[in-house]
Amino acid sequence: MAVRESAQFIDYIIQHAEKSIRFYSPQTTELDDLYHFFRVQEKSKHAKSLNEITEILRNRLNKRISKLDTALLREKVIELKKFHLYHHLKFKIDISHNYDYLGYFSGFILTAIDELNNKGKQLSMIRISQIIMLSVWIKRLSHFTFGNFESSKRLDIEYWRYAETVWYVEKHVPKGIIEDGILMNREEVAEELFLRIEKRIQSYGPVRFLEYVLEEYKKAFDSSTEMYNRSNKVTRKFLYNLALKTVTLPSVAEGKGYPETLKAIEKITEVLLHLYDYLIDNEFQLMFVNDPIPYLQKAIFHDSLYKETQYPPESTLTMLNVILESYREELIERIGIEKEAIMVISREIMSIAISSQQTTGSENKITADELISRLYKRVSPDVIVTYLNQLSSTKNLNANFQHPLDVVHIDADSEWLVPVPNKELEYFLPLPSISCFGLYDKIKGLLGHPGDFGLVFERFIQQWMTTHLGEKVYSGKYIYDGKEAESDGICLVENYVIILESKIKSLTRVARSGHIGKLLLDLGGAFIDSQLQAYRMESALRDGPLDLFDSDCDYRAMVNGNCKPFTRIETPPNAVYIRISCTPFHFGIFNESIVLKNIFISLIRYSFGTDEDDLKKKFVSFEKKRELLLEIMAKLQKIAYHPERIQELTHHSHFLSFGLIYMLSCSKTTTKNLAQRLRSLASIQSGDYDTYSILKHIL
């Protein structure tokens with residue numbers, strides 16, 4: 001049934017249901033009449049109540065919903081909401097009454113569990129009419145008041161946004177095809193809007209436009225964290241990537257710089273991004289997971305389109321300073337500069353960039369001459385020039401970026417310095433908390449992505465946590481269920497048992513472009529693998545005192561006693577286990593506690609696979625690890641956690657970039673020790689799914 005026909009059908013059912021219960025009045029209607037009308041059998045003749053009736057009606061409603069493909073039903077409700085709002089905007093029609101009912105009804109299906117055996121079933125109009133009737137009756141009997149239409153602008157903001165976007169397209173994009181409030185040729189319209197934006201940037205002038213975008217970032221800079229606050233302009237990240245593309249083209253036009261061109265760019269970009277329903281702007285949108293695939297898509301595209309990947313600048317410099325100790329010879333051989341010089345120049349550029357962000361109207365560029373003048377006592381001019389030549393971009397960045405979701409072609413995030421067109425040894429200042437990881441990536445790439453980088457990072461985390469936890473972090477091999485296992489770090493602080501597992505697996509560009517198979521494998525390689533190791537260690541420690549062996553011991557030597565343990569770890573009876581997956585790379589929204597808990601729920605409910613031949617073997621391995629993780633978690637639930645509360649078992653599981661670990665470790669944040677902060681972190685959920693933004697206020 002088409003959207004318009006569905007809307008008319010549901011409107012008719014609502015009217016019919018309202019007429020059927022028109023006899024009801026809270027003041028005059030007898031309970032017996034309601035019991036008879038709704039065919040409800042009371043539990044006790046002496047304890048009749050309106051609550052009993054509504055509860056039975058709710059049970060009937062939930063039972064009927066459970067017989068349908070609830071995912072498909074949600075899609076249908078969303079279509080209907082968009083249809084109503086579009087017509088409200090276009091024809092000024094009052095839709096508040098029926099929209100309220102639609103919102104009330106959608107509340108029941110939002111929390112409904114998707115039954116796999118219902119997937120693909122056609123929606124029965126008979127059942128839908130029954131569900132609508134029951135919703136109307138329950139709403140009337142529960143005395144829910146109308147007038148919630150205004151609140152829908154907050155609760156249903158994404159549907160309002162879509163309706164407004166479609167209405168804009170109808171007025172300004174002739175090739176747009178709109179049926180019943182739904183844009184039918186979205187990709188064709190997106191292509192047209194993308195070209196309009198690029199043409200206007202060229203008209204304005206790419207250099208001038210990048211400077212405009214950099215000033216927008218400057219307005220949101222938080223000096224206390226040296227990071228950027230969220231902007232009201234949803235266009236910021238997209239336009240930054242597009243600005244880098246146009247400013248690094250082989251030929252860059254000067255442009256005319258008309259202010260009205262900027263306004264047009266902002267508006268068209270906003271419309272382009274809003275063609276896709278991936279903006280998360282309230283705390284409820286990722287709170288529940290039904291089907292994990294749309295959930296993961298919403299999460300990854302929100303980050304890709306709107307949320308910058310950030311790190312406290314000092315955290316990246318600190319990490320690099322320690323890690324590069326292991327590559328002194330390679331730095332000289334491959335880059336031609338000693339480690340100390342790299343760090344001195346990088347820190348100076350970062351310092352200049354941070355100072356620029358704190359000063360309104362300051363220059364957004366830096367030259368070799370300025371660096372030479374500042375560092376003449378510490379670094380020779382030829383070394384500075386070598387640094388700039390080696391660590392600056394030499395290509396057209398984001399060259400194939402031609403669609404907002406085409407994140408696989410955004411490569412500017414692996415760059416540190418971007419040259420100013422037609423200038424010799426002059427560069428745009430990096431955005432401190434965003435570009436700092438480009439410095440990490442650039443150096444790692446110049447080193448040839450060393451195979452032992454993971455081990456070096458693991459040792460760095462062990463040293464850092466030993467210092468900031470105030471207790472030794474042990475790592476090594478042990479025996480679990482008759483098999484060899486290994487831990488990256490265990491530390492006992494009071495009654496806290498902190499288990500560390502380090503992974504350098506990043507979130508690949510393919511995954512960030514919405515490839516769910518790649519996303520699952522990336523999360524598997526970074527989070528699921530490490531949590532499997534952490535839960536295994538917890539299980540081993542709960543079995544009793546644990547012997548820990550050096551990492552170079554093999555299984556046979558450990559079993560036969562030829563290799564002696566270097567320590568025995570025994571945890572207290574009231575131990576609180578905190579499991580931390582550590583990475584150098586920030587996984588954005590997937591580092592958030594509520595999202596992690598929903599990933600665990602999805603792992604328990606679903607198995608995962610693929611039809612892509614090149615990924616099948618990887619998914620077989622993924623499934624084996626998933627099953628092993630669930631097996632260990634089930635064992636722990638029997639001996640230490642409530643068997644029905646998965647949230648209790650996963651409460652102290654964390655997925656932290658070193659940037660987050662650094663912020664948690666920072667003595668400026670709070671007087672609590674790191675172990676207490678980690679325990680507090682488990683109960684924190686930011687409203688905008690950005691832990692960075694609230695750490696300084698809560699911890």
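In this predicted model, strands β5, β7 and β6 form, in that order, an open three-stranded sheet with antiparallel pairing. Its edge strands are β5 (365-367) and β6 (418-419), each of which pairs on one side only. Strand β7 covers residues 426-428 and runs antiparallel to β6, to which two bridges join it. Across this pairing, Pro-419 stands opposite Tyr-427 of β7.

A second antiparallel pairing involves β8 and β9, which are connected over six bridges. Strand β8 spans residues 474-480, and β9 spans residues 483-493. Here Tyr-474 is placed opposite Ile-490 in β9. The two strands form a hairpin with two residues between them, where Asp-481 takes a positive phi near 50 degrees.

The two antiparallel strand pairs are set out below.

| Strand pair | Residues of one strand | Bridges | Opposite residues |
|---|---|---|---|
| β6 and β7 | β7: residues 426-428 | two bridges | Pro-419 and Tyr-427 |
| β8 and β9 | β8: residues 474-480 | six bridges | Tyr-474 and Ile-490 |

As a general point on strands, side chains in a regular strand alternate between the two faces of the sheet.

Turning to the surface, Lys-63, Lys-67, Lys-121 and Arg-127 make up a positive patch. One of these residues, Lys-67, lies in the loop that runs between α3 (50-65) and α4 (70-91). Is Lys-67 buried, partly exposed or exposed? Its relative accessibility is 42%, so Lys-67 counts as partly exposed, a class that lies between the cut-offs of under 20% for buried and over 50% for exposed.

Note on methods
Residues numbered from 1 in each chain as written. Predicted model: local features only at pLDDT ≥ 70, side-chain atom pairs only at ≥ 80, totals over all residues. Heavy atoms only, no water. Pairing = 2+ DSSP bridges. Helix = DSSP H or I, 4+ residues; strand = E, 2+ residues; numbered from the N terminus. Patch = residues over 30% accessible without salt bridge, like charges linked within 9 Å, V, L, I, M, F, W, Y side chains within 5 Å. Areas by Shrake-Rupley, 256 points an atom, 1.4 Å probe, with all protein chains shown as cover. Salt bridge = Lys/Arg side-chain N within 4 Å of Asp/Glu carboxyl O. Lys, Arg positive; Asp, Glu negative; His and termini not counted. Charge placed at Lys NZ, Arg CZ, Asp CG, Glu CD. Buried < 20%, exposed > 50% of the residue type's maximum accessible area, 1.4 Å probe, protein only.
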